[in-house]
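Work through the following exercises with the sequence and the coordinates at hand. Try each task before reading its solution.

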Amino acid sequence: MKIQIEIQNRPEPVWKDKIPEWVKLSETSYAFCEAIHQWEYLKERPRPDVIFLAIPKGSNLADFEFVADNAKNADKFIFTFPNMNASIIMQMLGFGGRVLCFSNGEKTAEFAINECKEMEKAEKTAWLFTSPAALDDGKRVVLFSSYPSN
């Protein structure tokens with residue numbers, strides 16, 4: 001499943017009560033939250049044993065914005081770390097299990113997919129959230145897949 005999230009001029013989200021500090025989220029974290037909110041069917045999927053989060057360049061875009069703003073807001077910088085993406089996904093889903101973050105350049109998504117397939121072989125359920133490094137026409141693309149896929 002694929003969704004594109006507009007990252008400029010972010011409106012106040014419907015899910016703001018789940019993440020009170022939503023205005024401080026990096027554009028990637030905001031996009032993941034919005035995607036999860038829109039993917040209502042996730043509630044019907046078997047709960048995962050593990051969630052994989054694959055972001056090829058980590059928080060580079062948010063880090064760049066922080067530096068470009070002369071590092072004025074250290075509080076916002078904290079919300080750019082990859083583990084913050086994992087944390088907000090756990091909050092949005094009400095999930096208390098394992099979340100592993102991958103950031104391995106161009107091979108990030110491929111590596112994460114292979115890890116999901118290994119979980120499937122072990123008869124475990126894995127969810128994969130990923131987002132390409134580059135924006136698509138100013139929008140953050142968020143991809144979701146579940147293993148096993150049925």
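The exercises below go from the fold to one strand and then to the aromatic rings.

The model is predicted, so that local features need pLDDT of at least 70 and side-chain atom pairs count only at pLDDT 80 or more, while totals for chains, interfaces and linings use all residues. Residues are numbered from 1 along each chain as its sequence is written, and side-chain values use heavy atoms, with hydrogens and water left out.

**Exercise 1. Describe the secondary structure of the chain and the order of its sheet.**

Step 1. The chain has five helices and five strands, where helices (H or I, at least four residues) and strands (E, at least two) are DSSP runs numbered from the N terminus. Along the sequence they follow the pattern β-α-β-α-α-α-β-α-β-β.

Step 2. The five strands make an open sheet with mixed pairing and the order E1-E5-E4-E2-E3; two strands pair if DSSP finds at least two bridges between them. Its edge strands, E1 (2-6) and E3, each pair on one side only. From one strand to the next, the twist averages 20°.

Step 3. Helix H5 (residues 108-121) packs on the sheet and touches E2, E3, E4 and E5, with a direction that makes about 170° with that of E2. Helix H1 (residues 27-38) lies across E1, E2, E4 and strand E5 (139-147), and runs at about 125° to E1. Such axes are lines fitted to C-alpha atoms, for helices over the stretch in contact, and the angles run from 0 to 180 degrees between N-to-C directions.

Step 4. Of the contacts in the chain with a separation of 6 or more, 69% are between residues 24 or more positions apart, a contact being heavy atoms within 4.5 Å.

**Exercise 2. Explain why strand E2 is largely enclosed, and identify its partners.**

Step 1. Five of the five residues of E2 (residues 50-54) are buried, so the strand is largely enclosed by the rest of the structure. Here buried means under 20% relative accessible area, exposed over 50%, and partly exposed in between (1.4 Å probe, protein chains only).

Step 2. Both faces are covered, since Val50, Phe52 and Ala54 on one side and Ile51 and Leu53 on the other are all buried.

Step 3. E2 pairs in the parallel sense with E3 (residues 98-102) over five bridges, and Val50 stands opposite Arg98 in E3. Five bridges also join E2 to E4 (residues 126-130), with the two strands running parallel, and here Phe52 stands opposite Leu128.

Step 4. For the chain as a whole, 42% of the 150 residues count as buried.

**Exercise 3. Classify two aromatic pairs, and place them in their surroundings.**

Step 1. The structure holds seven aromatic pairs. Rings of Phe, Tyr and Trp (its six-membered ring) pair if their centres lie within 6.5 Å, and planes under 30 degrees apart count as stacked, over 60 as edge-to-face and the rest as tilted.

Step 2. The ring centres of Trp22 and Tyr30 are 6.3 Å apart and the planes are at 45°, so this pair is tilted. Both Trp22 and Tyr30 are buried.

Step 3. For Trp39 and Phe144 the centres are 5.8 Å apart and the planes are at 45°, so this pair is tilted. The pair links distant parts of the chain, 105 residues apart, with Trp39 in the loop between H1 and E2 and Phe144 in strand E5. Trp39 and Phe144 are both buried.

Step 4. Phe32, Trp39, Trp127, Phe129 and Phe144 form one aromatic cluster.
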